[in-house]
Amino acid sequence: MEIINKFSMNILSRSANEGFARATVAAFVTQLDPTLEEINDIKTAVSEAVTNCIVHAYRENLGKIYISGEITDTNIIKIKIRDNGCGIENVEKAMEPLYTTVGGERAGLGFAVMQSFMDSIRVRSCVDKGTTVTMLKKIARRYTVNG
């Protein structure tokens with residue numbers, strides 16, 4: 001599997017940047033000519049991952065969210081979203097539907113949503129060091145080289 005293209009960026013953990021992150025990733029993925037469903041799936045998963053960083057990783061603090069993407073010659077998009085926040089004590093428990101540490105209006109479905117829209121998701125976390133979410137999705141259409 002050869003990497004055809006890639007990008008990386010970082011944003012502050014402000015809720016205003018969630019839309020920017022999802023639009024940026026969507027724009028990057030468009031070079032694979034995805035269907036509307038595929039692009040919406042990716043945008044939703046990115047939104048959930050970035051929102052987790054804002055709400056859970058940094059809580060009331062401001063921090064950086066690191067986002068990177070890669071496209072392979074097999075039409076796979078790999079998106080990594082990483083923070084240097086508080087980390088997740090029990091990743092397996094955190095990935096259970098309806099589990100949340102915040103309560104209130106939060107439904108605890110972020111990881112479940114990511115899993116339902118992407119082909120695979122991997123979560124690695126270390127308490128007081130941060131969390132990395134890696135998501136993969138195969139795009140049905142063939143990549144065409146156009147410059």
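Here are a few exercises on a predicted model, each with a worked solution.

Residues are numbered from 1 along each chain as its sequence is written. In this predicted model, local features need pLDDT of at least 70, side-chain atom pairs count only at pLDDT 80 or more, and totals for chains, interfaces and linings use all residues, while side-chain values use heavy atoms, with hydrogens and water left out.

**Exercise 1. Find out how many helices and strands the protein has, and in what order they run.**

Step 1: Start with the rule: helices (H or I, at least four residues) and strands (E, at least two) are DSSP runs, numbered from the N terminus.
Step 2: That gives four helices and five strands.
Step 3: Going from the N terminus, you meet them as β-α-α-β-β-α-α-β-β.

**Exercise 2. Work out which element has the lowest mean pLDDT and which the highest.**

Step 1: pLDDT is the predictor's confidence in each residue, from 0 to 100.
Step 2: The protein has a mean of 88, with 84% of its residues at 70 or more.
Step 3: Helix α3 (residues 91–94) comes lowest among the elements with a mean of 72, and strand β2 (residues 64–72) comes highest with 98.
Step 4: A word of caution: where pLDDT is low, don't read the predicted coordinates in detail.

**Exercise 3. Check the span of helix α2 (residues 36–57) against what it should be.**

Step 1: The expected span is 1.5 Å times one less than the number of residues.
Step 2: For the 22 residues of α2 that comes to 32 Å.
Step 3: The end C-alpha atoms of α2 are 30 Å apart, which agrees.
Step 4: Look just past α2 and you'll find Arg 59 with a positive phi of about 45°.

**Exercise 4. Decide whether Lys 137 is buried or exposed, and see what its side chain meets.**

Step 1: Buried means under 20% relative accessible area, exposed over 50%, and partly exposed in between (1.4 Å probe, protein chains only).
Step 2: Lys 137, in strand β5 (residues 130–138), has a relative accessible area of 10%, so it is buried.
Step 3: A polar contact is a pair of N or O atoms within 3.5 Å; within protein, one must be able to donate a hydrogen and the other to accept it, and residues adjacent in sequence count only if both atoms are side-chain atoms.
Step 4: The side chain of Lys 137 makes such a contact with that of Asp 41, at 3.4 Å.
Step 5: A polar atom of the Lys 137 side chain also lies 2.9 Å from the backbone oxygen of Phe 117.
Step 6: Now switch to Asp 41, which sits in helix α2 and is buried because its relative accessibility is 11%.
Step 7: Contact means heavy atoms within 4.5 Å; leaving aside neighbours within four places in sequence, Asp 41 is in contact with Phe 117, Met 118 and Lys 137.

**Exercise 5. Describe how the rings of Phe 7 and Phe 28 are arranged.**

Step 1: Rings of Phe, Tyr and Trp (its six-membered ring) pair if their centres lie within 6.5 Å; planes under 30 degrees apart count as stacked, over 60 as edge-to-face and the rest as tilted.
Step 2: By this rule there is one aromatic pair.
Step 3: The centres of Phe 7 and Phe 28 are 4.7 Å apart and their planes meet at 55°, so the pair is tilted.
Step 4: The pair links distant parts of the chain, with Phe 7 in strand β1 and Phe 28 in helix α1 (residues 16–29), 21 residues apart.
Step 5: Phe 7 is buried at 17% relative accessibility, and Phe 28 is buried at 10%.
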